[in-house]
Amino acid sequence: DLRMSTGGREPVSPRIFAPSSLVFDDSQLCFNKNHFGRPDFNVQRFMNLARRRAGLKQIQQDLRLYLKSVQHSMIELINDDYADFVHLSSNLVSLQSSIDKIENDMNTIWTEFESSTSDAVQTAERVESFCVELSQNRASQIEIRHRISFLSALQRLSNLMKNIPETISALWLEKVSSCLVDASSYKEKLAKDSRECKMFNKKYSKLESPPCTILLR
């Protein structure tokens, strides 16, 4: 509260000019003061209307009295505006403090947000890295399964080749064909220069040798 106090008197609003104690009754004037506010105000017409009600001396006295009234109103208006200005200045000071506090809070919140965002980005990068690693592990697992299946088919084919019966039966031929189909299907997923492919080619070349060719016929 920016009211000013002096001694033991009650606080009053700050003023630029000392207030006057003018008591004025505009009904006692010899003219209508509203004429001054009209956009078509004319001095000659105003004087003609005023002289119908009073003489020049009375008109002069009333004009002086009205002038004092206007000055009094202006002083009161300025004093009221000055008090509002002082109050506004005080409010602006407190408002600036509030703005500074809000700005500090916003900076703190933004810093915390950036920190949390950075943590979230790092977490997302770790998750992405884990996903890539998991995908690679799954691909490796599939490759290992293919190798195991290929080696299993190759092992069965090798066992069949070691125990070729004197009379080739349809069952034996079916087993050999099944091993070849399984091995061939998994061979496509392996590198051509891999150890497994070389083993398959070696076994397959034995099947194409004359003794096996005769038996298979």
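Let's start with the surface: the protein chain in this predicted model has an accessible surface of about 16800 Å². Carbon and sulfur atoms account for 56% of that area. As for what is tucked away, 16% of the chain's 217 residues count as buried.

The fold is easy to read. There are 5 helices and 0 strands in the protein chain, so if you follow the sequence along, you get the pattern α-α-α-α-α. Contacts tell you a bit about how the chain meets itself: take those between residues at least 6 apart in sequence, and 62% of them join residues at least 24 apart.

Now for the inside. The largest nonpolar core is made up of 12 residues. Among them are Phe-150, Leu-154, Met-161, Trp-172, Val-176 and Phe-200. Helix 2 (56-162) and helix 3 (170-187) each bring at least two residues to this core, and helix 2 gives the most, with 6 residues.

One member worth a look is Ala-153, which belongs to this largest core. Setting aside neighbours within four places in sequence, Ala-153 touches Cys-179, Asp-182 and Ala-183. Of these partners, Cys-179 and Ala-183 are also listed in the core.

There is another core too, apart from the largest one, with 8 residues. Its members include Leu-29, Phe-46, Ala-50 and Ala-54.

Here are the two cores side by side:

| Core | Residues in all | Some of its members |
|---|---|---|
| Largest nonpolar core | 12 residues | including Leu-157, Leu-160 and Leu-180 |
| Another core | 8 residues | including Leu-29, Phe-46 and Ala-50 |

Technical notes. Residues numbered from 1 in each chain as written. Predicted model: local features only at pLDDT ≥ 70, side-chain atom pairs only at ≥ 80, totals over all residues. Heavy atoms only, no water. Helix = DSSP H or I, 4+ residues; strand = E, 2+ residues; numbered from the N terminus. Buried < 20%, exposed > 50% of the residue type's maximum accessible area, 1.4 Å probe, protein only. Contact = heavy atoms within 4.5 Å. Areas by Shrake-Rupley, 256 points an atom, 1.4 Å probe, with all protein chains shown as cover. Core = buried A, V, L, I, M, F, W, Y, C linked by side-chain atoms within 4.5 Å.
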